[in-house]
Amino acid sequence: MNTFPAPKPAASATATPAEAAGQAAGGSSETGYAAGHTPSAASQASLNTEKLDDVRKLFTAHLENKGLRKTGERYAILEEIYARSGHFDVEELYAGMKERGLQVSRATVYNTLDLLVEQGLVSKHQFGRNLAQYEKSYGYRQHDHVICTECHKVVEFCDPRIHGIQTMVGELLNFHILHHSLNLYGICGDCRAQAAARNPTSPA
Ligand SMILES: [Zn+2]
Ligand SMILES: [Zn+2]
């Protein structure tokens with residue numbers, strides 16, 4: 001993930017408790033976003049186990065709240081999602097589980113994803129195509145996306161100024177902002193280089 005530097009005073013003055021916690025946990029003090037800190041494999045593993053425990057507890061509460069059954073299939077899907085990195089669509093998730101010999105029905109994958117999105121444990125993105133893309137969201141840093149309209153590559157970036165805008169707009173318009181979605185679309189460097197190589201006379 002790319003992290004852009006932020007103006008210092010704005011970032012520290014508007015840090016939310018979550019961001020402050022992120023800083024204490026090893027994030028860069030300048031931006032409030034983890035940049036230079038790379039935990040050891042062992043501490044990363046225990047961190048992930050802890051996170052998964054939290055997510056399982058939250059999901060259990062949600063299922064109980066809705067009077068839904070706490071089936072092994074649903075938890076297997078949750079664990080598969082939290083074991084993945086990056087973005088995926090429903091078919092990729094389903095295929096990944098089948099490959100690992102996990103028996104789940106497509107319908108359960110769909111409705112479990114819906115439950116997780118509803119609860120905020122997974123975020124759903126459109127990225128300019130019909131096919132929805134998902135990613136885990138609990139305990140992961142807020143970020144936005146840049147999408148290549150040629151090769152459909154998705155790159156994540158963090159810029160704390162966007163959080164500042166969200167806070168300011170909320171205050172100005174008297175909204176309690178819950179979340180935002182910001183996608184930037186363009187043509188990536190690789191695609192521009194390929195186009196230039198195919199047609200050297202046209203400007204890249
Ligand atoms: Zn591209
Ligand atoms: Zn993302």
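This report walks through the fold, the nonpolar core and an annotated site of the protein shown above.

**Overall picture**

Please keep in mind that this is a predicted model. Its mean pLDDT is 81, and 75% of the residues reach 70 or more. One stretch deserves some care: across residues 6-39 the pLDDT is below 50, although this stretch still has 43 contacts in the model beyond near neighbours in sequence.

The protein contains eight helices and six strands. Following the sequence, these elements come in the order β-α-α-α-α-α-α-β-β-β-β-α-β-α. Of the 204 residues, 15% are buried. If we take the contacts between residues at least 6 apart in sequence, 51% of them join residues at least 24 apart.

**The nonpolar core**

Let us turn to the helices and what they pack around. The largest nonpolar core has 13 residues, and V55, L78, I81, L121 and V122 have the most contacts inside it. At least two residues of this core come from each of the helices α3 (41-65), α4 (72-83), α5 (90-99) and α6 (106-119). The biggest contribution is that of α4, with four residues. What does L78 touch, not counting residues up to four places away in sequence? Its partners are V55, R56, F59 and L116.

**The annotated site**

An unreviewed UniProt entry places the feature "binding site" at D144 and H180. The two positions span 37 residues in sequence, yet their C-alpha atoms are no more than 9.0 Å apart, so they gather at one spot.

The table sets out how many neighbours surround each of them.

| Residue | C-beta neighbours inside 10 Å | Class |
|---|---|---|
| D144 | 15 neighbours | partly exposed |
| H180 | 12 neighbours | exposed |

H180 counts as exposed because a residue with 12 or fewer such neighbours falls in that class. D144, with 15, is partly exposed.

As for their places in the fold, D144 belongs to strand β4 (residues 144-148). Leaving aside neighbours within four places in sequence, D144 is in contact with F157, I162 and L182. H180, in turn, is found in the loop between α7 (160-173) and β6 (183-186).

**A look at α7**

Helix α7 offers a handy geometry check. At 1.5 Å a residue, its 14 residues should span 20 Å, and the end C-alpha atoms are indeed 20 Å apart, so the two values agree. Just after α7 comes N174, which has a positive phi, near 55 degrees.

Conventions:
Residues numbered from 1 in each chain as written. Chains lettered and ligands numbered in written order. Predicted model: local features only at pLDDT ≥ 70, side-chain atom pairs only at ≥ 80, totals over all residues. UniProt positions renumbered as here; feature names shortened; annotations may be inferred. Buried ≥ 20, exposed ≤ 12 C-beta atoms within 10 Å, placed from the backbone. Contact = placed C-beta atoms within 7 Å. pLDDT = per-residue confidence, 0-100. Expected span 1.5 Å × (residues − 1). Core = buried A, V, L, I, M, F, W, Y, C linked by C-beta atoms within 7 Å.
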